[in-house]
Amino acid sequence: FGGEPAGKGTPMNDTHCVSVGSLLEGVAMWEKQRPLGDTPSPRHGHTAVALVDSSTKTNPDQSYLVMFGGTGGGGLLFNDVCTFGLVTKEWENLTCDGLCPTARYGHTACMVPKRTAITPTHATATASTLSTSATFATPTPTPQKYYRGAHHPIMVIFGGVTRNGSELNFCRDMQVLHMKTKTWSEVRTTHLYPSPRYGHAM
């Protein structure tokens, strides 16, 4: 979505999708979308992360892109949150609670998925003796469950560039959007966190 064209030009707000199957075949099959809903304003320097649910056939609204921020040029900065349904092909402006981050561009974002349980598998060991034909099974310990992800999906953003009048400010704050409650919160850090920056990766 969007971006700044090569050479001179204004930011764009077009939406394109690529087939994952075509990527596996080594040929990218792009398709320009004609999305439903309210398409976000033209911009660049924004972020868009995917929140994908495996049950898209039963609940397609659970799979979408989440876009935040960016700049429209000329000092115009955004701090809006917009979603694009990967199945419904519809843009929606998301209304969020909490203290919304300062409008910015050049930040980074990542999506931490919902927590899932991982149960390691243990093979049953057997042993045979030379004196008998009996085979004894070694007791298998009860597998311990491990978890990855958060209790509910969260989007994390860090850094970027904000504006105070005509002055640009580089950020090093970390903000979290709780996707279930649509609520923003700032993560408090105490020491050794990165210096202010933009155009980085996370």
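Strand E8 (residues 97–98) pairs with strand E18 (residues 183–187) in the parallel sense over 2 bridges. Helices (H or I, at least four residues) and strands (E, at least two) are DSSP runs numbered from the N terminus, and two strands pair if DSSP finds at least two bridges between them. This is a predicted model, in which local features need pLDDT of at least 70 and side-chain atom pairs count only at pLDDT 80 or more, while totals for chains, interfaces and linings use all residues. Residues are numbered from 1 along each chain as its sequence is written, and side-chain values use heavy atoms, with hydrogens and water left out.

**Overall composition**

The protein has 1 helix and 18 strands. Of its 202 residues, 29% are buried, where buried means under 20% relative accessible area, exposed over 50%, and partly exposed in between (1.4 Å probe, protein chains only). Contacts, defined by heavy atoms within 4.5 Å, can be sorted by sequence separation: among those between residues at least 6 apart in sequence, 59% join residues at least 24 apart.

**Strand pairing**

Strands of a sheet pair through backbone hydrogen bonds, either parallel or antiparallel. Strand E18 also pairs with strand E17 (residues 174–178), here in the antiparallel sense over 5 bridges. The hairpin of E17 and E18 has 4 residues between the strands, and Lys-182 in this hairpin takes a positive phi near 55 degrees.

An open sheet of 5 strands follows the order E3-E7-E6-E5-E4, with mixed pairing. Strands E3 (36–37) and E4 (47–51) stand at its edges with a single partner strand each, so one side of each has no neighbour in the sheet. E4 runs antiparallel to strand E5 (residues 64–73), to which 5 bridges join it. Individual residue pairs in these strands are listed below.

| Residue | Residue opposite or bridge partner | Strand of the second residue |
|---|---|---|
| Gly-98 | Trp-184 (bridge partner) | E18 |
| His-178 | Thr-183 (opposite) | E18 |
| Thr-47 | Phe-68 (opposite) | E5 |

**His-46 and Tyr-198**

His-46 lies in the loop between E3 and E4. Its relative accessibility is 18%, so His-46 counts as buried. The side chain of His-46 reaches the backbone oxygen of Phe-1 at 2.9 Å. Not counting residues up to four places away in sequence, His-46 touches Phe-1, Gly-2, Gly-3, Met-67, Phe-68, Gly-69, Gly-70 and His-107.

Tyr-198 is found in the segment after E18. With a relative accessible area of 46%, Tyr-198 is partly exposed. Leaving aside neighbours within four places in sequence, Tyr-198 is in contact with Gly-106, Gly-160, Val-161 and Phe-170. Tyr-198 and Tyr-105 are 93 residues apart in sequence, yet their C-alpha atoms are 7.9 Å apart in space.

**The second largest pocket**

A pocket is an open set of points on a 1 Å grid over the protein atoms alone, where a 1.4 Å probe fits, with protein on both sides within 12 Å along at least five of seven lines; lining residues have an atom within 4 Å of a point. The second largest pocket holds about 180 Å³ of space, a volume being the space filled by probe spheres set on the points. His-16, Cys-17, Val-18, Val-20, Gln-33, Leu-65 and Lys-89 line this pocket. Strand E1 (residues 16–18) supplies the largest share of the lining, 3 residues. By residue class, the lining divides into 4 nonpolar, 2 polar and 1 charged; Ala, Val, Leu, Ile, Met, Phe, Trp, Tyr, Cys and Pro count as nonpolar, Asp, Glu, Lys and Arg as charged, and the others, Gly among them, as polar.

Technical notes. A polar contact is a pair of N or O atoms within 3.5 Å; within protein, one must be able to donate a hydrogen and the other to accept it, and residues adjacent in sequence count only if both atoms are side-chain atoms.
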